[in-house]
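Biologist: Could you take me through one part of this protein closely, namely the second largest pocket, and tell me what lines it? I would also like to see how that part sits within the chain as a whole.

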Amino acid sequence: SALFIICLLWLFALASGASAAALRSALMSSIFLAAPLVRRTPDLTNSLAFAALVLLLCAPGDLYDVGFQFSFASLGVFCLYGAPLVRILLRRSPEDTALFRWTRPLLISLVAGIIFAMGSEPLSAYYFNRLSPISPISNLVVIPLAEILTIAGLASPALIQLPSLVLLFFSSVVTIGIQLFLFLIHAFAALPFASFSVVSPPLVAVIGYYLLLILFSPYLRRYAQQKILFNPDNSPSNLPDSPDRMLTQ
């Protein structure tokens with residue numbers, strides 16, 4: 001199944017134009033999925049570093065590409081801080097209420113959005129003089145809808161043999177979904193606090209910011225590993241020594 005998924009990932013990456021973000025995702029996912037095939041434990045950070053190494057060996061100039069920097073900075077910060085912060089802020093315990101258990105996936109998505117903003121907002125301020133505090137909230141709605149529309153688009157060729165009435169209904173639903181997607185983007189962007197202009201920070205400050213995040217991450221991860229994680233179902237994915245799997249779950 002891992003090999004089959006890897007083939008589909010590369011097919012999609014090439015069909016979508018082979019951008020830096022698509023190649024990064026395909027490389028990283030391939031390494032992550034292939035690790036168990038060679039008896040290795042998957043690691044998000046190592047997979048991301050390998051993807052960056054391969055892409056830069058093939059095209060060193062991509063290091064100065066804005067899209068490349070956004071892609072690897074945001075996901076790199078997520079790999080370093082995602083699992084530790086979820087463990088510290090949203091760890092399970094026997095006293096959890098039913099409301100917390102039901103809302104925990106939503107809260108994890110919100111934390112993930114904040115972490116991605118930590119990785120991307122400094123670059124946004126440096127290159128575009130803009131900060132967007134609304135992005136962690138808007139992504140809770142926009143990203144799931146974008147995933148649904150992507151799946152619907154990929155599934156559309158397989159529906160070509162269905163009756164025309166079914167195809168018409170399917171295309172109408174997808175069209176409504178796309179219109180809703182665009183409406184939500186414009187609605188969030190129109191909010192008064194959606195974004196604001198800032199002075200471009202010095203390049204040294206931006207680089208120093210990311211260096212501080214890298215240097216601080218081992219201490220946060222060590223602190224998070226000291227937390228006792230409640231494991232009601234004895235699932236290996238909930239054990240304290242697998243924070244990445246916990247975040248994925």
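Modeller: What follows starts with the whole chain, turns to the pocket, and ends with a patch on the surface. Please keep in mind that this is a predicted model. The protein chain has nine helices and two strands, which are arranged along the sequence in the pattern α-α-α-α-α-β-α-α-β-α-α. Its C-alpha atoms fill a box of roughly 60 × 50 × 45 Å along the principal axes, and of the 249 residues in the chain, 33% are buried.

The second largest pocket holds about 780 Å³ of space, and among the 24 residues that line this pocket, Q69, F72, A73, Y210 and I214 are the closest to its centre. At least two lining residues come from each of the helices α3 (44-58), α4 (66-90), α5 (98-128) and α8 (203-225), with α4 giving the most, namely eight residues. In character, the lining of the second largest pocket comprises 21 nonpolar residues and three polar ones, while no charged residue takes part.

Nonpolar residues are also found together on the surface, where F4, I5, L8 and L11 form a patch with about 420 Å² of accessible area together. One member of this patch, L11, belongs to helix α1, which spans residues 2-15. L11 counts as exposed because its relative accessibility of 56% lies above the cut-off, which is over 50%.

Notes
Residues are numbered from 1 along each chain as its sequence is written. This is a predicted model: local features need pLDDT of at least 70, side-chain atom pairs count only at pLDDT 80 or more; totals for chains, interfaces and linings use all residues. Side-chain values use heavy atoms; hydrogens and water are left out. On a 1 Å grid over the protein atoms alone, a cavity is a set of points where a 1.4 Å probe fits but cannot get out, and a pocket is an open set with protein on both sides within 12 Å along at least five of seven lines; lining residues have an atom within 4 Å of a point. Grid points are joined across faces, edges and corners, and a volume is the space filled by probe spheres set on the points. Helices (H or I, at least four residues) and strands (E, at least two) are DSSP runs, numbered from the N terminus. Ala, Val, Leu, Ile, Met, Phe, Trp, Tyr, Cys and Pro count as nonpolar, Asp, Glu, Lys and Arg as charged, and the others, Gly among them, as polar. Patches are made of residues with over 30% relative accessible area and no salt bridge: like charges are joined within 9 Å, nonpolar side chains (Val, Leu, Ile, Met, Phe, Trp, Tyr) within 5 Å. Accessible areas come from the Shrake-Rupley method with a 1.4 Å probe; for residues, only the protein chains shown count as cover. A salt bridge is a side-chain nitrogen of Lys or Arg within 4 Å of a carboxyl oxygen of Asp or Glu. Buried means under 20% relative accessible area, exposed over 50%, partly exposed in between (1.4 Å probe, protein chains only).
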